[in-house]
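Subject: Structure for you to look at

Hello,

Here is the structure I promised to pass on. Please open it and keep it beside you while you read my notes.

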2 protein chains.
Amino acid sequence: MAHLLSTSCSIKLSSSHRPLSQPFRQCPTKCLTFFTLGTSKSPFKRFVLQGGTQQASCVVRATVAPISQETPTQSSSDSRQKSSEPSKPKRVMVIGGDGYCGWATALHLSNKGYEVAIVDSLIRRLFDQQLGLDSLTPIASIHNRLRCWRSVTGKTIELYIGDICDFEFLSETFKSFEPDAVVHFGEQRSAPYSMIDRNRAVFTQHNNVIGTLNVLFAIKEFRDQCHLVKLGTMGEYGTPNIDIEEGYITITHNGRTDTLPFPKQASSFYHLSKVHDSNNIAFTCKAWGIRATDLNQGVVYGVRTDETEMHEELCNRLDYDGVFGTALNRFCVQAAVGHPLTVYGKGGQVRPWLNNNIAFLFHIAFYSTSLSSFINMWTNDNL
Amino acid sequence: MAHLLSTSCSIKLSSSHRPLSQPFRQCPTKCLTFFTLGTSKSPFKRFVLQGGTQQASCVVRATVAPISQETPTQSSSDSRQKSSEPSKPKRVMVIGGDGYCGWATALHLSNKGYEVAIVDSLIRRLFDQQLGLDSLTPIASIHNRLRCWRSVTGKTIELYIGDICDFEFLSETFKSFEPDAVVHFGEQRSAPYSMIDRNRAVFTQHNNVIGTLNVLFAIKEFRDQCHLVKLGTMGEYGTPNIDIEEGYITITHNGRTDTLPFPKQASSFYHLSKVHDSNNIAFTCKAWGIRATDLNQGVVYGVRTDETEMHEELCNRLDYDGVFGTALNRFCVQAAVGHPLTVYGKGGQVRPWLNNNIAFLFHIAFYSTSLSSFINMWTNDNL
């Protein structure tokens, strides 16, 4: 796979476009590069994707509403932790830890000394079977992945296989693992999948909304100081003709002013499910004091991380199909084999990107003292 | 029951408060009266609730985005229709037609000459059994209600008993009844119920969100010109410190301007479910051209309508308990029996009211040419 990701592939590249949001303009030290993705018929220029192992240069802006100072449990097992580094959670539950973002994150956190548990129903693998799809990279079973990780590093990642929509199962995992933080990737994450038919639209909204509700209730009931880091999407905001702010915007209207949730304009049942999640999470932060960080990140690309490079059985998945293959990954594979780029929509959308090496961002989220915060993440990542 | 609703009862009354929204200030002919509801310990002034049979004086403001002129089927059976009245749908499906708003609406529309079908799972009656609650007014079974309606008026209302979360059932009702319009009340409608425990929170969001998704898919699949009139709630907006606009607000931010969905701030899992619905509906209007009117109405009160007065077996339900008894109905009953008013929250919320005779508002919604419109409804209703 490595050669495919370093193969030259071409898409229309533009650095002169208006930034998506004011934060980019306000950032003097980071000069972001934006893509304008043309249709498959558009002429395009040469562009080389440089793999996934470089450290991303990243912009993270957060709106934080601290209520009290958080004092998470110190990780005694993290020998790499600097003395000046803030305290951090010790035990991290990665829901959806067998998936594309989840696997990279679980390994990264385990490597950094966290005690990690993966919670996953493995339904993502079933989708492949049902739709006749497969990862371009060969991926081992979750059991072999974890055995390999233990043999290579000596570190153990616990595994709980089940559906978080089943609250009894989720309760047992919380009582057994006692997480200090939950990183929640456990959602149906494809917009095209959610738009295939009614069954899949309903599945997506049910699975994502009820699963997240259950996580919120589990935190409230069993681990009320647990920090939830939830994967949202940049797509929650849609493409408004004003700068996108982090979660909230101050509006003056007819002589009065208030700071209100930034309007959302999702464009698929999947994106809508993330909006529903964000609204539910924000409410529980207010009502119950849940500590949550809602990440509205850009498109993730790449496949290799420091940890997945350690052994071939640790290899992450790479989807290039029309349902689960996200934009840049899919385009690179298509370009490599000479297939026209399949751009959804009008091809005029401007979006930033995140390297799959995003796990370090969850470190940042852990250090947040927020009771409820929204973080928008973008990166220029050596593009 | 009538004597109860005409019994003097007292709540703190204020007409000097700042209106909730600019529309009231802009309305020269209608001087609205606002309540400030104090806690049960607050002193209150004398106030007489004048029953539910008067025609409400109502403010309806809509943001309408017409795309094409709608020409609904003319009702040939409506002998009361004025010649100058716009055309309207002929066949109306009332989902949740056995409930508080649904029953009054179904009878009103049937009386006006529409061909009406009630679709209801009757689960609202099960909630009463499970929680040990009951309507203050004796209500007949849905079968006896409809038999009575036929014997009194000669008009037939069709009945489909089933759960709209079951798409096969809903599909059959659409194929059988072929509605020109759907009035959708078929949701779990109590905020306190949704906050009792996890099961009921999850039930509320699943039932409401999936049910509405199914209705949208049924319209798309079987009756793509069908007009959806959906009951939302004023509570979707929360209580922002700016004027509430109808669905959308124009925001100028950092030198650019866009008209975006008005920010929502729901305060219970029930209210959140309505926000989720609104987002889903707005998306399908854009994506599929669904004709929908999303009503964000104030609190409904009262029990008598012209139609329910025709026979005691047609009597509507009146809930006064802490779960399903809405504010004004509950307060009146509490005042009548000398029970302190049970005010939720801080007691400082300013909210308008809608007489249970709201069915005529659905007439207004039918005449909308909108592809997607939000209507906020309030009333002064002889208060």
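Contact here means heavy atoms within 4.5 Å. Please keep in mind that this is a predicted model.

**Where the two chains meet**

How many residues does each chain bring to the contact? Chain A gives 48 residues, and chain B gives 48 residues. The size of an interface is often given as the accessible area lost when the parts come together. For chain B and chain A that area is about 4200 Å². Carbon and sulfur atoms hold 65% of it. On the chain B side, the most area is lost by Arg198(B), Arg256(B) and Phe283(B). Together they make up 18% of what that side buries.

Now the polar side of the story. The rule finds two salt bridges across the interface of chain B and chain A. Asp243(B) forms a salt bridge with Arg256(A). Their closest N and O atoms are 2.7 Å apart. Across the interface there are also 19 residue pairs in polar contact, both residues being at pLDDT 80 or more. Which elements of chain B supply at least two residues each to the side that touches chain A? They are the helices α2 (22–26), α8 (198–222) and α9 (269–288), with the strands β11 (248–253) and β12 (256–261).

**Two helices with a buried face**

Start with α5 of chain A, residues 142–153. This helix has twelve residues. From first C-alpha to last it reaches 16 Å, close to the 16 Å expected at 1.5 Å a residue. Its buried residues include Ile142(A), Arg145(A), Leu146(A), Cys148(A) and Trp149(A). Why do the buried residues of α5(A) line one face of the helix? Seen down the axis, they fall within an arc of 160°, so they share a face. Among the elements that cover them are α3 (100–111), β6 (115–120), α4 (123–131) and β7 (157–161) of chain A. Just after α5(A) comes Gly154(A), with a positive phi of about 80°.

Then turn to α4 of chain B, residues 123–131. Its buried residues are Arg124(B), Phe127(B) and Asp128(B). They cover an arc of only 100° around the axis, so they sit on the same side of α4(B). Their cover includes α7 (191–194) and α8 of chain B. Just after α4(B), Gly132(B) takes a positive phi of about 70°.

**Two residues in α8 of chain A**

Find Thr204(A) in helix α8, residues 198–222 of chain A. Is Thr204(A) buried or exposed? Its relative accessible area is 0%, so Thr204(A) is buried. A polar atom of its side chain lies 2.7 Å from the backbone oxygen of Arg200(A). Leaving aside neighbours within four places in sequence, Thr204(A) is in contact with Gln188(A), Tyr193(A), Ser194(A), Phe269(A), Tyr270(A) and Ser273(A).

Leu216(A) also lies in helix α8 of chain A. Leu216(A) is buried too, with a relative accessible area of 0%. What does Leu216(A) contact, apart from neighbours within four places in sequence? The list is Leu228(A), Asn280(A), Ile281(A), Thr284(A), Trp288(A) and Ile290(A). Measure one distance yourself, from Leu216(A) to Ala140(A). They are 76 residues apart in sequence and 31 Å apart in space, C-alpha to C-alpha.

Best wishes

Conventions. Residues numbered from 1 in each chain as written. Chains lettered and ligands numbered in written order. Heavy atoms only, no water. Helix = DSSP H or I, 4+ residues; strand = E, 2+ residues; numbered from the N terminus. Expected span 1.5 Å × (residues − 1). Buried < 20%, exposed > 50% of the residue type's maximum accessible area, 1.4 Å probe, protein only. Arc of directions from axis to C-beta. Polar contact = N/O pair within 3.5 Å; in protein donor to acceptor, adjacent residues only side chain to side chain. Buried area = accessible area lost by both parts, 1.4 Å probe. Salt bridge = Lys/Arg side-chain N within 4 Å of Asp/Glu carboxyl O.
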